Amino acid sequence: MSFEPKILGILCNWCSYTGADLAGTARLKYPANLMSVRVMCSGRVDPGFIFDAFKAGADGVLICGCHPGDCHYVEGNYKCLRRIPMTKTLLQGFGIDPNRLRLEWVSASEGLRFQQVVTEFTEQIRSLGPLQLKEWGYTPHQSEAGHPEPQPALNQ
Amino acid sequence: MAKPKLAIYWAASCGGCDIAILDIEDKILDVANFFDLAFWPCAADFKYKDVAAMPDKSITLTLFNGAIRSSENLEIAELLRAKSVVMCAFGSCASEGCIPGLANLTTLKEICDYAYLKSPSTVNPEQIIPQPKTKVPEGEISIPVLWNTVRTLPQVIDVDYIIPGCPPQSNQIAAVIEAVIDILQNGKPLPPKGTVLGATDKSCCDECPRKRDVKKIKKFVRPFSIVPDPDICLMEQGIVCCGPATRSGCGAKCVIAGVPCRGCYGLPSHIRDQGAKMVSAIGSVIDSQDPEEIERIIATIPDPMGTFYRFSLPDSLLRRNQA
Amino acid sequence: MSKVSIEIDGKPIEVESGTYLLEAVRDLGVDIPAPCRYPYLKPKPSCRLCSVEISEGADSVSKIVTSCNYPVTAGLKVLTNSEKAIEARRAALNNLIGRTAPTTLLGDLAAQFKIDNPKWGHKYVTCIFCKLCIRVCDELVGAKALSFKKVTDQDTTSIKLDPEKCILCGACAFVCPTNHIKLEEAQDRPVVHSEMSLGPNAAISLTFRQAVPNVPRIHTEQCIHFTMGGCQVCSEVCPKDAIHYDQPDQIEEIEVGTVIMATGFQDFDPTPMKQFGYGKYPNVISAIEFEQMNNAAGSTGGKILLENGAEPRSIAILHCIGSRDDNYHKYCSRVCCMYALKFAHLAKEKTDAEVYQLYIDMRAFGKGYEEFYHRLLDEGVNVIRGKGAEVVPVSYKRSAEGGLIVRCEDTLIGKFREIPVDMVILCTALEARSDAAAVGRKFNISTGADGWYIEAHPKLAPVSTTTEGIFLAGVCQGAKDIPDAVAQGSAAAAQAMRLLNKGEVLMDAAYAEIQEQFCSGCRICNGLCPYNAISYEEAKKVSYINSALCKACGTCVAGCPTGAIKARHFTDEQIYAQIEGILT
């Protein structure tokens, strides 16, 4: 079976969630890999949400907000615009390809664009492959059966 | 009646926490009077087997400092957990990984390679790297297995209380010990499990005396590159200060001295990831709406991982470099 | 001013002293030609065609004076049609004829004064040297751009223009009695149906006929007075003394509780669609121009006429110009099919023209519409299913004659057709106003891909917007016909009334609040709120959110480094739980 990535979408209420809704009412199909969480504004997106998503098993995170200048809350999307590049820097520090995180502007009328963005991003994540986190999944009880990380074979 | 037993252990740590305990001045006499010191390898000679021989729950209080990064650390942590009534993660290493935790930015192989082979001060012509098991004529000897990932104490055992800080401030230690003695002597109820002791729920800014205003940052600078105004918030002067996302309790000693907060008291109770919150907060106050300028401003923050996760990397949401 | 009594042609009359004789005479209904007289300039006799015979007092000798500049005095006796007066005028007329080329004005006068075979003194120059143009430019406009010059064989104008000084106001051409001065067309297209602006293209005009308040305004950039400081004719003629040039523009600030956006649409400009020849062939007109022509108060008095004033023998009505068109607007403008049918009906009623409807689909969707369509079919309107492809002149050589050919494919008979017509009406698309997005931004509402304002929900909230208290009415939200616009307008009014009546606003349960016990007063959130809902309490060293101002965007919640700000209904716990819930 081919790899089906899990993608978390964090969509702003006024533009992108409505745009996604429009994609739905217009019967535009986009990959079911995207699972959406609605926030009122892309400015509500805390980088912690993104890290938590990767921790919880997401292979990619897509954040959508209103186009610059069109924010329902005047400039919440700019706050998001400023947080995302730093979040990407940290993702790199965590050894996660920053391309697994994407910020896109989708307006309420851009159902088609939403479809295209999701389709394209899903394909991108598919080509990046599954994100396998190393530390997570460890429980101390495993220590009874031997440590999960034996000393790597080091050259002498 | 026998005195309650106290154990103090150091795992992956620098020993600073032990010194901080001694730093409580004459209160240390109260400790000696009130407790029977069951185990403190840093201060006196105890054997692991002595501890193993104690009955379970025979130690009243264990102050455990140091992160967990080897089989030995884990073994002793589990041993002390079994023998202790109250297990307290003492200091930043035990509670959130601290400086040893920065090892999670790289791999064990990289660390060993550097320490035993590449470091300029290393002389190791035979290229010997320690191995967990080594055959010698007398038989096989073993040393503890060093892990690829540094963990915090609460990640490996059940911890009752946390005393944060690198190291915890002496006045806070003294206050905690005083409270413990009070509880034990007078039979008062213990605080709820998971309570952070010797600190508050607010952030470092609460104790910071500097004057704060609405923040708009055009450029970040390093502390040595400017002479900071002594009365104004360091972040407003462009210095990355982790104070806003760091638990208070330390007395804001660093910021008072003109050095930005590094975040050693760990994250306040209501957030999940110190670095993510710092990014969110700093991103909020960058004064630009132009993507290119934003990139330029962000590029002036040196070493973002080391700055935002200096103390909390193993306790962060993603815990380590996943590559 | 005192009244004085005079006698004109034996009739006693009372006039104000100081009035010029010509006015007094004209008040009496006696017509005296005075081509060089313009009421808003000081009279200066040059044509002398207004000469009359007068005598002051009983015994005085009669004399000939120019009535235009002769002030009346008490006891004046005037003879307008005496032998002497007529002779004086005839002499003046002959003098003018002897200097100029034939003109309607002088030709008619010559006939009136029974001058047979007038001896025209010039072949081309139609100037009668009345100096009105120069005087109006000097005295009224103040541009001082005109002067007389010598007429040569090559250049037959008698007036010299200083183009640097000329402000292109056209006052000289307006006052010229013989049309010697002409304003040249600035654009290629002659003004055929100039009523497009629904008012004269003057510097003072009604914005449009139904404007509220229905008063004209002065367009200062075109007004002579505001450009040059002179003129002020309008205030002179205004009987109500309503014109004040020093009235400044005022910006009124009105406090309101709700706003209904009813900014409407703009007409699609078909000029870029070269194939239809709009702007090139004068008888290709847009729907609104045809509508204006049918207006009884319009340029043709409600008659359907071609540019040359003749009645069209055949009319083609082309649907979907700019709408249902991938190159312009994909949407259907909804109103065109029905007004096109109405046009056909009007054309059938007012003329004998053959009418052709070229349509893609006949969308008679409303109540009674389909019935109307069938009625039109019974009236003998030719309906052709196929969009008009091109409009060309009957013959390029004879394009001046105005005949047009409409080319189309009749999809019902599967044939390419060429239909000769006199007039082509383009049913242009309704499109969003070019400034809709900018206006929308002011009200924090957004426009869709097609430019119309977006409603809060296409089915459940078609009148509301995403901004509380702002409602949409009419075409600004999307193309619709009058009943639909009225219905939506009523709904918007009801929604607005509902808010106003209540006098209080129901707050959204979602808002952010600062948990004081965790706030350390770092003030990072202070600059984040677009609504200035966050303030800092110096005494407590904590920030505070005014929940009435908060709109729950959550930017401060994400920005709060201690997690002290809580977004009700979008708390960190809820969002983390959602993320973890859907991913695991």
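**A buried strand in chain A and the contacts around it**

Both faces of β1(A) are covered, with Ile7(A), Gly9(A) and Leu11(A) buried on one side and Leu8(A), Ile10(A) and Cys12(A) buried on the other. Here a residue is called buried if 20 or more other C-beta atoms lie within 10 Å of its own, exposed if 12 or fewer do, and partly exposed in between, the C-beta atoms being placed from the backbone. Six of the six residues of β1(A), residues 7-12, pass that test, so the strand is largely enclosed by the rest of the structure. All of this comes from a predicted model, in which local features need pLDDT of at least 70 and side-chain atom pairs count only at pLDDT 80 or more, while totals for chains, interfaces and linings use all residues. Residues are numbered from 1 along each chain as its sequence is written, and chains are lettered from A and ligands numbered from 1 in the order in which they are written.

What sits beside β1(A)? Five bridges join β1(A) to β3(A), residues 60-65, and six join β1(A) to β2(A), residues 34-39; strands are taken to pair if DSSP finds at least two bridges between them. Both pairings run parallel. On the β3(A) side, Ile7(A) has Gly60(A) as its bridge partner, and on the β2(A) side Ile10(A) is matched with Val37(A). The link from β1(A) to β2(A) goes by way of α1(A), residues 16-25, and the three make a right-handed β-α-β unit. Right-handed means that, with the strands pointing away from the viewer, the path from the first strand over the helix to the second runs clockwise.

Zooming out, chain A has four helices and four strands, running β-α-β-α-β-α-β-α from the N terminus. These elements are DSSP runs numbered from the N terminus: helices are H or I with at least four residues, and strands are E with at least two. Of the 156 residues in chain A, 57% are buried. Among contacts in chain A with a separation of 6 or more, 80% are between residues 24 or more positions apart; a contact means C-beta atoms, placed from the backbone, within 7 Å.

Chain A also has partners. Its contact with chain B brings together 33 residues of chain A and 44 residues of chain B. On the chain A side, α2 (47-55) and α3 (76-93) each supply at least two residues, and α3(A) gives the largest share, 11 residues. By class, that side has 15 nonpolar, nine polar and nine charged residues. Nonpolar covers Ala, Val, Leu, Ile, Met, Phe, Trp, Tyr, Cys and Pro, charged covers Asp, Glu, Lys and Arg, and the others, Gly among them, are polar. The contact with chain C takes 29 residues from chain A and 27 residues from chain C. Here β2, α2 and α3 of chain A each supply at least two residues, and the chain A side divides into 15 nonpolar, six polar and eight charged residues.

Within chain C, α9(C), residues 336-350, packs against α10(C), residues 369-378, at about 35°, with their axes 10 Å apart. In this pair, Met338(C), Leu341(C), Ala344(C) and His345(C) of α9(C) meet Tyr369(C), Phe372(C), Tyr373(C) and Leu376(C) of α10(C). That contact has seven nonpolar, one polar and no charged residues. The axes are lines fitted to C-alpha atoms over the stretch in contact, with angles from 0 to 180 degrees between N-to-C directions.

Conventions. Two residues are in contact if their C-beta atoms, placed from the backbone, lie within 7 Å.
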